[in-house]
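Me: I would like to learn how to read a few features of a protein model. Could you take me through them slowly?

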Amino acid sequence: MNPHEQFREEVKQNIDGLEQDKALQATSLDWVGTTAKHKYTYNFSWMGRPIIQFPQDMVAMQEIIWALRPDVIVETGIAHGGSLVFYASMLQLIGHGDVLGVDIDIRQHNREAIEAHPMSHRIQMIQGSSIDPAIVEQVKQRIAGKKVLVVLDSNHTHEHVLEELRLYAPLVSVGSYCVVMDTVVEDMPEDAFPDRPWGKGDNPKTAVWAYLKENQDFEIDAAIHSKLLITVAPDGYLRRVR
């Protein structure tokens, strides 16, 4: 075993240990719930644009992007555009690929900021519901024949995410990922989202579980959320295996 393989094996053992440490997992989840009260994820930006994600998940996305080198990354849910810029900057470093963002309401000030950004040449945006057949058709036309990575991060209700999975997961290339953000909603306190239409029992994680019962092409990459510990997407890193 050469030094690189030896190190990778050591990392694998580390992750296995983290996965088995249920007390540490519980502590990490408690930390996530506590910081949510302070809108922790709102406090970070990437290259000047608010990203509204845990830094740990962005590191995981960087690892996936570097390993896969996708032709296109499709993300539903744009908000301030920080994640679009992040993905575009990773592709810029690789020297290949584009990002396609879909959102039902791209606010003008956000659109202008994204279009004025140095990474804008790798970003395209479509305004409309991610589950509108006409919008899905536009996405399909733009990604035809390409290696595709998908990120779902729009409306977090069970019904909406399940429909997104049915529409967008099949677009993912074999070996690539459909990453479902905010599955952690299922693990949060009952009163965590009083002003939202989603919550425990009705969220992205329940949609993932339902989708995996009807589709055998994907499996949860548990090693990712096990090593992160701090993540918005437990059970949300879905790798296409066939």
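Me: Is arginine 107 buried or exposed?

Reply: This is a predicted model, in which local features need pLDDT of at least 70 and side-chain atom pairs count only at pLDDT 80 or more, while totals for chains, interfaces and linings use all residues. Residues are numbered from 1 along each chain as its sequence is written, and side-chain values use heavy atoms, with hydrogens and water left out. Buried means under 20% relative accessible area, exposed over 50%, and partly exposed in between (1.4 Å probe, protein chains only). Arginine 107 has a relative accessible area of 52% and is exposed.

Me: Which residue forms a salt bridge with arginine 107?

Reply: A salt bridge is a side-chain nitrogen of Lys or Arg within 4 Å of a carboxyl oxygen of Asp or Glu. Here the partner of arginine 107 is aspartate 105, with the closest N and O atoms 3.7 Å apart, and aspartate 105 is partly exposed at 43%.

Me: What does the salt bridge between aspartate 187 and lysine 205 tie together?

Reply: Helices (H or I, at least four residues) and strands (E, at least two) are DSSP runs, numbered from the N terminus. The closest N and O atoms of aspartate 187 and lysine 205 are 2.7 Å apart. Aspartate 187 lies in the loop between strand 7 and helix 8 (204-214), whereas lysine 205 is in helix 8, so the pair ties together parts that are 18 residues apart in sequence. Lysine 205 counts as buried, at 6% relative accessibility, while aspartate 187 is partly exposed at 27%.
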